[in-house]
Amino acid sequence: MDEKNLNLVKDYKYGFSTDIENVKAPKGLNEDVIKFISKKKKEPKWLLDWRLKAYKRLEVLIEPNWQKPKYPKIDYQDLYYYSAPKSFNEKPQKLEDLDPKLLETYKKLGIPLDEQKKLNGIAVDAVFDSVSVATTFKDTLTKHGIIFCSISEAVQKYPDLVKKYLGSVIPITDHYFATLNSAVFTDGSFVYVPEGVRCPMELSTYFRINASDTGQFERTLIIADKGSYVSYLEGCTAPMRDENQLHAANVELVALDDAEIKYSTVQNWYPGDKDGKGGIYNFVTKRGLCKGNNSKISWTQVETGSAITWKYPSCILKGDNSIGEFYSIAITNNHQKADTGTKMIHLGRNTKSKIISKGISAGLSDMTYRGLVDISPNAVNSNNYTQCDSLLMGNRCGAHTIPYIKNKNSDSNIAHEATTSKISEDQLHYCQQRGLNPEEAVGLIVNGFCKEVLQQLPMEFAVEAQKLVGISLEGSVG
Amino acid sequence: MENKIKTDFEKAFKNFPLKEELDFKKNNLENFIKKGFPGKKMESWKFSDLNQIINKNLGELNFYTDHVQKNLIDTSLIIKNFEHNKIVFINGKIEEIDFNFEEKDKIQVSKGLSNQINSFKGNSLLSLNNAFCKNFYNITIKTNYSMKKPLIIYHMINKDISLTTVNSQLSFYLEKNSLLKIIDIYDEKSEKNFINTFYNFSLKENAILKNFKIDNSQNNNIKYSFNNIEQEQNTISETFILSNGSKFLKNEINCNLKGKYSSAFINGIFSLNTDKHHEIRTSVNHLVENTKSYQLIKSVLEDKSKSAYQGKIYVNPEAQKTDGYQLSKCILLDKNTEFNAKPELEIYADDVKCSHGSASGSLSEDSIFYLRSRGLNYKQAKKLLIRGFFLDVIEKITDEEVKNYIKEIMEFN
């Protein structure tokens, strides 16, 4: 990177790239690369040791292959595990330079132009953007004692909190991708809400993958102390033009006594083109721990992007009377594949969980709901309700439901139901009779199908998500 | 185990005359030795680790049974409720085939390899069965013939057999427009054996198959039963499973709906107590359009028992207008009971009606209260509720004689 750009990058006080230079770590995964990452980020020794321990573990782990969507083998030695954002010169300078298709998408999303600029990284990078959002309201947040910053910053400023909770929900001995993330994670968000505080605004982050040949490994850690409440939004709404790329993030949530965390995701990574070329492999580990009594964790996700989505946001209901919720809409079109669902692990007494999953597959895509409800012998008087509905559009796509139900407690109830259907001719006919074109009609019907989940999203996201649903299914009718 | 199984195989088939059959057996033996008993690492054995169950309950097994002397049939075990044809297995060997109630030329019994059993290479227990099964019998029901009386297959095992694997196998061919009713009755005086049964059914146009599998006598054996059903146009298959007596029992049904307007019905009851562990695994494959399947499994668990249901509905891209339904329900009566379910849908066609449901929990306190307010004591109320719960499944049986017989053995009359 030349001097000028280096200075430019340095200007962003809260961006994680302040201490990054445009030097990629050598390709490949080894101890030296991990040491390089840790050194670049000026991490304390305990964190480096922690990373190395994860790396040791990774050497004995085997990449899982039980999932439904198969993918060509990833050469982990051919990836960059650390890379600075591309220099701004390489980015499109004006809106006109952008792919017109991209602009069209934004127009349909109804995002105002200046926001489009932000999202496309014309003025600021999307990841920078997320931090700057935080900066905007920094005063308000500080007043309440809420910490919202990048995880690298948190490692420097709040090492005790990070040390205590990092890896407490997803240990370094977890599955392959989670352990890989533990070894090489580069950045992510950190949120701490102190005791009794109700976070006055939605916290949000936009993620974005920059360079090619890199893996994206963020780590998010959210801690809600006793009696607090936080709603966190994660947007991956920046479409990319890159080849197949790995995105293996870890998200850990910890809710202490009487705390509540609401985590919403609108994921719209680049899904690959119409022939299934390119796109993101979205292999994310998300897990929430209801550690305290009366705590609540709620996951809401709208998954429309990625070539392959493979994730199971889970809740471990450890505290008595804790509640876990999972609301999901997953849409696959063209050659997209998704294997997603949740795990509800009931450990405490009187724990409750609710799962609402809506899957829509169109084109040549394949969609799987895979979920686990496990009520342990001690989880007396627990309850689960699961509903998975699938909608098929066309006869070249697939929709699958694979629930695992384990009830080991005689005082607990589990109810599960699933249906698979298609949009009926009658519904389409009715809408078209009222003047809608077939695409609008499908959009309307699908939105109705998803309504239960959409209404769980915070306002601003709900509108965006609703439009995304329509866009994702474009070209699948007729 | 490897040496043991090889010497037992040598002993069992020393002077075996048919070369083709022997080669087939040897291939299967090798396959079994390579794979061994299935464990929980295999997805289909996730909820029941057979390898561990055998090690814990049985230990080292024998694979050889001496069939030299003819075993006498214990006639006290023969059912007297209704007239029936019978096939009697004793220690895995057929001792009697009796179709006295049927027209002679309408039923054909022959020996030899069935041409369909090769298609389950992944199933090591089937390989074990193929390797050690004494004789391969094929039973054909001729065109347009409906059997007058049901066929009861008795699976009997003598007292002197212990720690042994007992393998038996039968293939049935139902020609066009034929009807066959089979009742399987397991009755054994022995303990601690591994009993492995395999049936293959091939249904031609308009044929009807009814299979009732009754495992009611209390015993400490480990059992595995596999039914493969191939169905052509307009055929109907009905399978009913009563899973109750054995220490461990896994019933597996694989059903291929290959012809239009074919339908499959699978109904099952688990009524378990004391440390028992039973499983039903079904896989219904809708391969062409306009096919139908219905599955209903109900389970009542007492005293440390465990039941599992893995049901899969597969819908091929060509199988439009499929109607598939699955429902599993469980009542857990005691602490330490466990119910596991994996109701799976794999769907590749859009114009289908597929749904499944699964519910598990305790007896409804409200219902108990209602009944007690009407003068029943707790025990009576519980019994009545369970009876109602099970009758829902039993009433689905389309054969009156069998329905009454099952009600009788479940003490519901």
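Colleague: Which strand of chain A pairs with E18(B), and in what sense?
Modeller: In this model, which is a predicted one, strand E20 of chain A, residues 398–407, pairs with E18(B) in the antiparallel sense, and the pairing runs over 6 bridges.

Colleague: And what is the bridge partner of A:Lys406 in E18(B)?
Modeller: The partner of A:Lys406 in that strand is B:Asn340.

Colleague: Let's go wider: how many residues of each chain are in contact?
Modeller: On the chain B side there are 35 residues in contact with chain A, and on the chain A side there are 32.

Colleague: How much area do the two chains bury between them?
Modeller: The size of an interface is often given as the accessible area lost when the parts come together. For chain B and chain A the buried area is about 2,500 Å², of which 47% lies on carbon and sulfur atoms.

Colleague: What about charges, how many salt bridges are there between the chains?
Modeller: The count between chain B and chain A is 1 salt bridge, and in a salt bridge between these chains the side chains of A:Lys68 and B:Glu346 meet at 2.6 Å, N to O.

Colleague: And how many residue pairs are in polar contact?
Modeller: Between chain B and chain A there are 16 such pairs, counting those where both residues are at pLDDT 80 or more.

Colleague: Which strands of chain B supply at least two residues of the side that touches chain A?
Modeller: Strand E18 (338–347) and strand E19 (353–361) each do so, and the largest share, 10 residues, comes from E18(B).

Colleague: What kinds of residues make up that side of chain B?
Modeller: The residues of chain B that touch chain A divide into 14 nonpolar, 10 polar and 11 charged.

Note on methods:
Residues numbered from 1 in each chain as written. Chains lettered and ligands numbered in written order. Predicted model: local features only at pLDDT ≥ 70, side-chain atom pairs only at ≥ 80, totals over all residues. Heavy atoms only, no water. Contact = heavy atoms within 4.5 Å. Buried area = accessible area lost by both parts, 1.4 Å probe. Salt bridge = Lys/Arg side-chain N within 4 Å of Asp/Glu carboxyl O. Polar contact = N/O pair within 3.5 Å; in protein donor to acceptor, adjacent residues only side chain to side chain. Helix = DSSP H or I, 4+ residues; strand = E, 2+ residues; numbered from the N terminus. Nonpolar A, V, L, I, M, F, W, Y, C, P; charged D, E, K, R; others polar. Pairing = 2+ DSSP bridges.
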